[in-house]
Amino acid sequence: MGIHPAKKICAMIREAETKDLPVILDIMNEAILNTTAVYDYEPKTMAFVEDWFQKKQLDKAPVLIYEKDQKAIAYGTYGRFRPRDAYRYSVEHSIYVHKDFRGAGAGTQLLYALIKRAQEEGYHTMIAGIDAANEKSYGFHKKMGFVEAGRVKEVGYKFDTWLDLIFMQLMLKKDRT
């Protein structure tokens, strides 16, 4: 017996819009307040997220939304790894999933979409900065083909603990699917 059409789950990835900024803010602030995925202490404001989104648009950097049943539950983006000219072919990405939907595949689909976009835009490599204690993110990136490229000891301090940062890297190839 098949799934009743009214019960079918509909998921999609799309470009972020201004209407998504409150959800992005909620996801961002939950990560800031409760995890070491973001090395910030204080919650962000709507004005901050509006400025962040506008800068992403000016930089032509993608901000993608994972939508499930017409509700935004995750977002992903990338931007230039560092501001110097020689880094122009390297991007660093971020993916954040609402706490109630982690582990359900939204992050995987967003990362595939970001990788594809980066390849299409001619980038050479994609980098992830991951807190060393975040074994789930490390394993996720490893599963997606990223390799550890370096560790920086005690570079962050949050929740009364020194934090190590791991850089993971994926070389982008045109034939990658």
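**Exercise 1. Determine which residues Arg-14 touches in this predicted model, leaving aside residues up to four places away in sequence.**

Solution. Begin with the contacts themselves: Arg-14 touches Lys-19, Asp-20, Val-63, Leu-64, Ile-65 and Glu-67. Next, place the residue: Arg-14 belongs to strand β1. Then examine Asp-20 among the contacts: the side chains of Arg-14 and Asp-20 make a polar contact at 2.8 Å.

**Exercise 2. Decide whether Arg-14 is buried or exposed.**

Solution. Take the relative accessibility of Arg-14, which is 12%. Compare this value with the cut-off: a residue is buried when its relative accessible area is under 20%. Arg-14 therefore counts as buried.

**Exercise 3. Describe how β1 pairs with β2.**

Solution. Locate the partner first: strand β2 covers residues 63–68. Count the links and note the direction: 5 bridges join β1 to β2, and the two strands run antiparallel. One facing pair can then be named, with Ile-13 standing opposite Tyr-66 in β2.

**Exercise 4. Establish the order of the strands in the sheet, and explain why one side of β1 and of β6 has no neighbour there.**

Solution. Write down the order: the open sheet consists of 7 strands, arranged β1-β2-β3-β4-β5-β7-β6, with mixed pairing. Now consider the edges: β1 (11–15) and β6 (147–158) each have a single partner strand, so one side of each is left without a neighbour in the sheet. From one strand to the next, the twist averages 25 degrees.

**Exercise 5. Identify the strands across which helix α1 lies.**

Solution. Helix α1 spans residues 21–34. This helix lies across β2, β3 (71–80), β4 (90–97) and β6. Relative to β3, helix α1 runs at about 75 degrees.

Notes
Residues numbered from 1 in each chain as written. Predicted model: local features only at pLDDT ≥ 70, side-chain atom pairs only at ≥ 80, totals over all residues. Heavy atoms only, no water. Pairing = 2+ DSSP bridges. Helix = DSSP H or I, 4+ residues; strand = E, 2+ residues; numbered from the N terminus. Axes fitted to C-alpha atoms, helices over the stretch in contact; angles between N-to-C directions. Contact = heavy atoms within 4.5 Å. Buried < 20%, exposed > 50% of the residue type's maximum accessible area, 1.4 Å probe, protein only. Polar contact = N/O pair within 3.5 Å; in protein donor to acceptor, adjacent residues only side chain to side chain.
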